[in-house]
Amino acid sequence: MQNIRVVLVNTSHTGNIGSAARAMKTMGLSELYLVDPIKAPDGQASALAAGATDILANCTIVETLEQAVTGCGLVVGTSARSRTLSWPMLDPRECGEKLVAEADSYPVALVFGRENNGLSNEELQQCHFHVCIPANPEYSSLNLAAAVQTLCYEVRMAHLNRDKLPQVETDYPLSEDLERFYAHLEQTLSKTNFIVANHPGMVMAKLRRLFNRARPEAQELNILRGMLSSVDKLTDRNNQA
């Protein structure tokens, strides 16, 4: 459970941070990451955290989501909105089981967005999967702490039944390795004029979705990086000729 991070992005109200910490502790989770909060945890956060002030005291505050998920081999982002570009989806039960099953191999992260508009498309593209809580479609508004409580409960239940979960033996790349691959891919495709430099449009988003859906293993990602490097050498040689 210590390998499971709960990440809150750009939280507006410190009371919500405290309530989220309380929700985490009741389910046995302790690793709280705050990405660019409007305010750091304060007295209101401590009051609503009740007996979970230790989680607030030990939380990690970073500037970007990329920093919060560094070292993670699995990142799941919460999304309540219909997106133009669909992403691999999990339901809450699948989310809890996947996080627990893979947490034995590396840190994993469960990411929650802003109270008013959730995660941006760019932030959601840094996630391997999205999870949506199937609330009442006529009134699906969940506050942040309620969403954290719901998904942390599923993590707890998966943890209690972990002996029944399939063993994960695949060596997946970490989040930062994937980001380096995507940067390399965009650079190479710009060199070949497949995409216009500085204006990748939807191409890179769709390629991210493709590779996230395929979820290449670490060795496969190395092969892809090698392929890109071979194209880079040929392109550079042609440009020098």
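A disulfide is a pair of cysteine sulfur atoms within 2.5 Å. I start there, and I keep in mind that this is a predicted model.

**Entry 1: cysteines**

I counted disulfides by that rule and got 0. Why does Cys127 have no bond to Cys72? The sulfur of Cys127 is 10 Å from the one in Cys72, its closest cysteine sulfur, so the gap is too far for a bond. I also looked up how much of Cys127 is accessible: the relative area is 1%, so the residue is buried.

Cys152 came next. Its closest cysteine sulfur belongs to Cys95 and lies 9.4 Å away, too far for a bond. Cys152 is buried too, because its relative accessibility is 0%.

**Entry 2: cavities**

I looked for enclosed space. The count is 2 cavities of 30 Å³ or more.

The largest cavity has a volume of about 60 Å³. Which residues line the largest cavity? I noted Gln125, Gln126, Cys127, His128, Ser175, Leu178, Glu179, Tyr182, Arg208 and Asn212. Cys127 from my first entry is thus back, as one of the lining residues. Helix 8 (175-191) and helix 9 (203-214) each supply at least two residues of this lining. Helix 8 has the largest share, with 4 residues. I sorted the lining by class and found 3 nonpolar, 5 polar and 2 charged residues.

The second largest cavity holds about 40 Å³ of space. Its lining is made of Gly73, His128, Tyr172, Pro173, Leu178, Phe211, Asn212, Arg215 and Pro216. I spotted His128, Leu178 and Asn212 in this list and also in the lining of the largest cavity. By class, the lining of the second largest cavity has 5 nonpolar, 3 polar and 1 charged.

**Entry 3: the largest pocket**

Next I looked at open space. The largest pocket has about 580 Å³. I counted 24 lining residues; Ser79, Ala80, Arg114, Gly118 and Leu142 lie nearest the centre. Which helix gives the most to this lining? Helix 7 does, with 3 residues. The classes come to 11 nonpolar, 9 polar and 4 charged.

**Entry 4: nonpolar cores**

I then checked how the buried nonpolar side chains group. The largest nonpolar core has 42 residues. Leu8, Leu32, Val76, Phe112 and Val148 have the most contacts inside it. Helix 7 (residues 144-160) gives the most to this core, with 7 residues. So helix 7 heads my notes twice, for the core and for the lining of the largest pocket.

I followed Leu8 further. Leaving out residues up to four places away in sequence, I found that Leu8 touches Ile17, Ala20, Leu32, Tyr33, Leu34, Val35, Phe112, Leu144 and Val148. A second, separate core has 15 residues, including Tyr33, Cys72, Ala109 and Val111. Tyr33 belongs to that second core, yet it is among the residues that Leu8 touches.

**Entry 5: positive phi**

Last, I looked up backbone angles. Where is Asp36 found? It is in the loop between strand 2 (31-35) and helix 2 (43-49). Its phi is near 45°, a positive value in a residue other than glycine. Asp36 counts as partly exposed, because its relative accessibility is 44%.

Ala50 sits in the loop between helix 2 and helix 3 (53-57). Phi of Ala50 is near 55°, again positive in a residue other than glycine. Is Ala50 buried or partly exposed? Ala50 is partly exposed, with a relative accessible area of 40%.

Note on methods: Residues are numbered from 1 along each chain as its sequence is written. This is a predicted model: local features need pLDDT of at least 70, side-chain atom pairs count only at pLDDT 80 or more; totals for chains, interfaces and linings use all residues. Side-chain values use heavy atoms; hydrogens and water are left out. Buried means under 20% relative accessible area, exposed over 50%, partly exposed in between (1.4 Å probe, protein chains only). On a 1 Å grid over the protein atoms alone, a cavity is a set of points where a 1.4 Å probe fits but cannot get out, and a pocket is an open set with protein on both sides within 12 Å along at least five of seven lines; lining residues have an atom within 4 Å of a point. Grid points are joined across faces, edges and corners, and a volume is the space filled by probe spheres set on the points. Ala, Val, Leu, Ile, Met, Phe, Trp, Tyr, Cys and Pro count as nonpolar, Asp, Glu, Lys and Arg as charged, and the others, Gly among them, as polar. A nonpolar core is a set of buried Ala, Val, Leu, Ile, Met, Phe, Trp, Tyr and Cys residues joined through side-chain atoms within 4.5 Å. Contact means heavy atoms within 4.5 Å.
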